[in-house]
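Subject: The structure, and what I found in it

Hi,

Here is the structure I promised to pass on. Have a look at it first, and then read on for my notes.

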Amino acid sequence: MATETASFGAGKREGHDASAFYRRRLHTAAEPAPLGEPASPPEDVLDTFHCASSEDMGVLPDNTVALMVTSPPYNVGKEYDDDLSQDEYLGLLARVLEETHRVLEPGGRVAVNVANLGRKPYLPLNHMVAGLLRDLGFLLRGEIVWQKAQGAGGSCAWGSWQSAKNPTLRDVHEYVLVASKGSYRRMRIGEDSIDRDEFLAATLSVWNIPPASARRVGHPAPFPVELPRRLIELYTFRGDLVLDPFMGSGSAAVAAVETGRHFVGFDTVQGYLDLAARRVAEARVAAGA
Ligand SMILES: C[S@@+](CC[C@H](N)C(=O)[O-])C[C@H]1O[C@@H](n2cnc3c(N)ncnc32)[C@H](O)[C@@H]1O
């Protein structure tokens, strides 16, 4: 028998009928509107890198990408960062996310890895980027806390040591914001590849995945292949097209190859794309593809 939202405490969730919860006035968002039909990407964009700003992804037709997974530049002084003001920085992200909305197929998802920054004051980029996504018409689906290190990490910026004068939080996590376009469900169904244990772990809101070594990968801020790999297996079918508009060293492309998906990537630094191409070639050899 289906359960309903409990009026006292928390109820069980199996076969849950949440319609009473979604009828409450808290939920003011418009009903999803599918925004057209998914389209097949042209063969010549499959598995390609583009040295260009992803503010313009004109090589990609509308409604062709199943998942966008990315880690944008954080504008914190890495070798590829400009020193943008907050408005300029959010403007860049908004333009890329708007292009992403265009190329994403209805029912497709975005997964954006962001870290919150600074302490004086704290910049909650996860809130800012969630606001951008919502304002651009994406349907927000949730937020994954990516725990990068257990307990005390490498940071010793604790402010005042053992004193209430000015203790400072040391982040051991980042976020992955998840949103859909037009429909909560994928409209085009294909062949899944996720196994039971991975599905159980991937649908929890906290993921424990160790960070990648910048030195070993050869990029200032790579994410571990495990992160895009889990997102790809959770949100896409075999043969789908995965976009990373800030491709860097190509971790998302490697994950796409390892899981039998296609990729397309953008970066403004050709050297990073050369590195990405080498990593993808190695992944193909390892996968026997
Ligand atoms: C945080 S890094 C991404 C790292 C990547 N996830 C990896 O695993 O290597 C952000 C990347 O965005 C690129 N970038 C910065 N501005 C860009 C733009 N306007 N269009 C495309 N790429 C850009 C930078 O060169 C950098 O490689």
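Let me begin with the ligand. A polar side-chain atom of Asp-267 sits 2.7 Å from an oxygen atom of the ligand. The protein covers 96% of the 610 Å² of accessible area that the ligand has on its own. Please keep in mind throughout that this is a predicted model.

Two serines make further polar contacts there. Ser-53 brings a polar side-chain atom to 3.0 Å from a nitrogen atom of the ligand. Ser-54 uses its backbone instead: one of its N or O atoms lies 3.1 Å from a ligand nitrogen. Which residues come nearest to the ligand? Of the 22 residues around the ligand, they are His-219, Phe-223, Ser-249, Ser-251 and Asp-267. Sorted by class, this shell has 13 nonpolar residues, eight polar ones and one charged one.

Now to the strands. I would start with S3, residues 104–114. Is this strand buried or exposed? Eleven of its eleven residues are buried, so S3 is largely enclosed by the rest of the structure. S3 has a partner in strand S2, residues 65–70, and the two pair in the parallel sense over five bridges. If you want a place to find this pairing on screen, look for Thr-70, whose bridge partner in S3 is Val-112. Between the two strands the chain passes through helix H2, residues 86–103, and this β-α-β crossover from S2 to S3 is right-handed.

S3 also pairs with strand S5, residues 173–180, this time in the antiparallel sense and over six bridges. Here you can look for Val-110, which has Ala-179 as its bridge partner in S5.

S2 is mostly covered as well, with six of its six residues buried. Besides its pairing with S3, S2 is joined by two bridges to strand S7, residues 241–244, and these strands run parallel. Met-68 is the residue that stands opposite Leu-243 in S7.

Just after S3, the loop that leads to helix H3 (125–135) deserves a visit. Asn-116 lies in this loop, and its relative accessibility is 8%, so Asn-116 counts as buried, the limit being under 20%. What does its side chain reach? The side chain of Asn-116 comes to 2.8 Å from the backbone nitrogen of Leu-125, and to 2.9 Å from the backbone nitrogen of Asn-126.

Ala-115 is in this loop between S3 and H3 too, and counts as buried at 9% relative accessibility. Its C-alpha atom is separated by 7.6 Å from that of His-173, although the two residues are 58 apart along the chain.

The loop between S3 and H3 also holds Pro-121. The peptide bond that leads from Lys-120 to Pro-121 is cis, with omega near 0°.

That brings me to some backbone angles to check. Most residues other than glycine have a negative phi, and most peptide bonds are trans. Asn-63 is not a glycine, yet has a positive phi of about 60°. Asn-63 is found in the loop between strand S1 (48–51) and S2, and is buried, with a relative accessible area of 14%.

Gln-162 likewise has a positive phi, near 50°, in a residue other than glycine. Gln-162 belongs to the loop between strand S4 (139–147) and S5. Is Gln-162 buried or exposed? With a relative accessible area of 72%, Gln-162 is exposed, whereas Asn-63 is buried.

If you only have a few minutes, I would go to the ligand and its contact with Asp-267, then to the buried strand S3, and finally to the cis bond between Lys-120 and Pro-121.

Happy viewing, and best wishes

Notes:
Residues numbered from 1 in each chain as written. Predicted model: local features only at pLDDT ≥ 70, side-chain atom pairs only at ≥ 80, totals over all residues. Heavy atoms only, no water. Buried < 20%, exposed > 50% of the residue type's maximum accessible area, 1.4 Å probe, protein only. Helix = DSSP H or I, 4+ residues; strand = E, 2+ residues; numbered from the N terminus. Pairing = 2+ DSSP bridges. Right-handed = clockwise from strand over helix to strand, strands pointing away. Near = heavy atom within 4 Å. Polar contact = N/O pair within 3.5 Å; in protein donor to acceptor, adjacent residues only side chain to side chain. Areas by Shrake-Rupley, 256 points an atom, 1.4 Å probe, with all protein chains shown as cover. Nonpolar A, V, L, I, M, F, W, Y, C, P; charged D, E, K, R; others polar.
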